Amino acid sequence: MSALQQRLAALGPERLRGMRRGLEKESLRSQPDGKLALTPHPAALGSALTHPHITTDYSESQLELITGVHASVESCLAELGEVHQFVLRTLKAQGDEMLWVSSMPCGLPTDETIPLGRYGSSNVGRAKSVYRMGLGHRYGRRMQTISGIHYNWSLPGVDNEGYFALIRNFRRHAFLLLTLFGASPAVCSSFVEGRNHELQKLGASGTLYMPHGTSLRMGRLGYQSEAQATLAVSYNGLEGYAASLHDALTRPWPAYETVGIRNPGGDYNQLATTLLQIENEFYGTIRPKRVIFPGERPLHALRERGVEYIEVRLLDLNPFEPIGIDAMTLRFLDVFLLHCLLADSPPDTPSEIRELAQNQHLTAARGREPGLELLRRGAPVKLSDWGQEIIEQLQPIADALDELDGTDAHALAVAHARSTLRQPDLLPSARVLRAMSAHHDDSFIAFVRGQSALTHRHLLGLPWSDAQQARFEALAKRSVDDQRAIEAADTMPFEVYRQEYVSADRLGHPRVAAVGKGQALAA
């Protein structure tokens, strides 16, 4: 029996049954012509500040649909589907907007006219909007119209050391997920207007693409900047990770100091002039997370109470699935994450961190290219060979989960991954390009419009009861009442609130002596 299988057996069935997951799914609201909807967040959906399941992400036009915590893949997807049904019924009742089913955005207006998320007049609501204004200054608003799916996952009895071991292995093997589930090989030219890029023109429809691309969203076109490129965050433990973030949250950045906190008219440009305004600005393929108390900083929560779950952040929306993701994908993720937890996970190094960034960009842009080589500990290795090695190691984990469930669903998910990696034309990114060519004259906008309309009709055609409608209407009303209560309770001037919130004192302190700042960023 291998070391991995011994560790799997040591987990025991009860801990495996204790696995929990939840989903967060972003989607733009689009007009029927494939352009961005510029209308406010629909009032019938409730308050974006306080609704537990329906909010907005960066833009006012970008919905984020959130499930609770679930013991099964089926119940998790069922809840996400139900939230979708309510949202689409609400959109239909007020007009003809749809949910855009691709991770890469629909037709975009000029950068400054993309609407930022608005959350009311409370201090916390204003801070959320100012943060988004800051992101616009730092990265451009177009970059913030990219959508994805986040998978939150936990297992009982895993400590900080275990979760960081999982994260290190996840980052090493993330190329496999980008290849298997990437579904954004093309984009509308409006997204890259005025930006340097390596995309190729496709047809005469204003579509740009990478012929072997998998996930342009996770490549050089995605959410990144010169400032964030200076962060080489190590995941060798909570203290080093926390020290890296602490430094980025307190280190002034000259370009952002030039932007300033406020403009000459007194309006806010950003929350802070530091390299990161707040923790969420640090973008990665996976994050250690902890449920926070009201007003608490996420870094403080991690330092005080440790990692509670991890958040997988690299999943594209699958335009061929009605809610953007399916059960087979989630089952594969469960097996993959357990493998990341159980496999040997040596400490990362500065050279490996650079290697992983290069592997991610190569996979995003060229992941289906025959013979493409990545780097593994300094040596070239074919993506397809490395991916198949990982998949073969997943089999005993899939078998163990199937034994618990009395099914073969996890083994089928692993078999499907094995098959599609060997036949890249079956991967979602290849299917997107093939559908664009066969039915939409190589037009990205026309393809996603068509898929969005199909999805819209499918979800509206599913059964929906008066009781479901009443429950969601009650949630929406309660969220509005909750927002009003927050606004009524505010007494502190916003500038005082802002200064207190971004204060270094709110970030918590190391439990043990941590390495120095320079070491923390490179360790």
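# A walk through the cavities, cores and turns

Start by selecting Lys25, His84, Leu88, Leu99, Val101, Pro322, Ser452, Thr455, His456 and Leu459: these residues line the second largest cavity. Keep in mind as you click around that this is a predicted model. The space enclosed here comes to about 50 Å³. Now colour the helices: α2 (73-94) and α14 (444-460) each bring at least two residues to this lining, and α14 gives the most, with four. By chemistry, the lining splits into five nonpolar residues, four polar and one charged.

**Next stop: the largest cavity**

How many cavities of 30 Å³ or more are there? The count comes to three. You've just been in the second largest one, so hop over to the largest, which holds about 140 Å³ of space. To see its walls, select Tyr241, Leu245, Glu279, Asn280, Phe282, Arg287, Pro288, Lys289, Arg290, Pro298, Leu299 and Leu302. Three elements each supply at least two of these lining residues: helix α6 (238-250), strand β9 (286-289) and helix α8 (298-305). Colour the lining by residue type and you'll get seven nonpolar, one polar and four charged.

**Out to an open pocket**

Leave the cavities and look for the second largest pocket, where about 860 Å³ of space lies. Its lining runs to 33 residues, so don't pick them one by one; go for Leu231, Tyr283, Ala357, Gln360 and His361, which lie nearest the centre. The elements that give two or more residues to this lining are α4 (160-181), α5 (226-229) and α10 (350-366). Which of the elements gives the most to the lining? That is α10, with eight residues. As for the mix of side chains in the pocket lining, expect 16 nonpolar, 11 polar and six charged.

**Into the nonpolar interior**

In soluble globular proteins, nonpolar side chains tend to be buried together. To see that here, select Phe170, Phe332 and Leu338, the residues with the most contacts inside the largest nonpolar core, which has 99 residues. Helix α4 gives the most to this core, with 12 residues.

Stay on Phe170 for a moment and show what surrounds it. Setting aside neighbours within four places in sequence, Phe170 is in contact with Leu177, Thr285, Ile286, Val312, Leu314, Phe336, Leu337 and Cys340. Apart from the largest core lies another, of 46 residues, including Val101, Leu199, Ile278 and Ala435. You've met Val101 before: it also lines the second largest cavity.

**A hairpin to zoom in on**

Now select residues 373 to 382. Strand β11 (residues 373-376) and strand β12 (residues 379-382) run antiparallel and are joined by four bridges. Turn on the side chains and check the partners: Glu373 stands opposite Lys382, and Arg376 stands opposite Ala379. In a regular strand the side chains alternate between the two faces of the sheet.

Two residues sit between the strands of this hairpin. Click on Arg377, found in the loop between β11 and β12. Its phi is near 50°, a positive value in a residue other than glycine. Is Arg377 buried or exposed? With a relative accessible area of 73%, Arg377 is exposed, because anything over 50% counts that way.

**Two more loop residues**

For a second positive phi, jump to Asp441, in the loop between α13 (428-439) and α14. Phi of Asp441 is near 50°, again in a residue other than glycine. Asp441 counts as exposed because its relative accessibility is 69%, above the 50% cut-off. The helix on one side of this loop, α14, is the one that gives the most to the lining of the second largest cavity, where the tour began.

Last of all, select Ala43, in the loop between β1 (20-30) and β2 (54-56). This alanine counts as exposed, at 67% relative accessibility. Where does Ala43 lie with respect to Asp326? Draw a distance between their C-alpha atoms and you should get 29 Å, for two residues that are 283 apart in sequence.

Key:
Residues are numbered from 1 along each chain as its sequence is written. This is a predicted model: local features need pLDDT of at least 70, side-chain atom pairs count only at pLDDT 80 or more; totals for chains, interfaces and linings use all residues. Side-chain values use heavy atoms; hydrogens and water are left out. On a 1 Å grid over the protein atoms alone, a cavity is a set of points where a 1.4 Å probe fits but cannot get out, and a pocket is an open set with protein on both sides within 12 Å along at least five of seven lines; lining residues have an atom within 4 Å of a point. Grid points are joined across faces, edges and corners, and a volume is the space filled by probe spheres set on the points. Ala, Val, Leu, Ile, Met, Phe, Trp, Tyr, Cys and Pro count as nonpolar, Asp, Glu, Lys and Arg as charged, and the others, Gly among them, as polar. Two strands pair if DSSP finds at least two bridges between them. A nonpolar core is a set of buried Ala, Val, Leu, Ile, Met, Phe, Trp, Tyr and Cys residues joined through side-chain atoms within 4.5 Å. Buried means under 20% relative accessible area, exposed over 50%, partly exposed in between (1.4 Å probe, protein chains only). Contact means heavy atoms within 4.5 Å.
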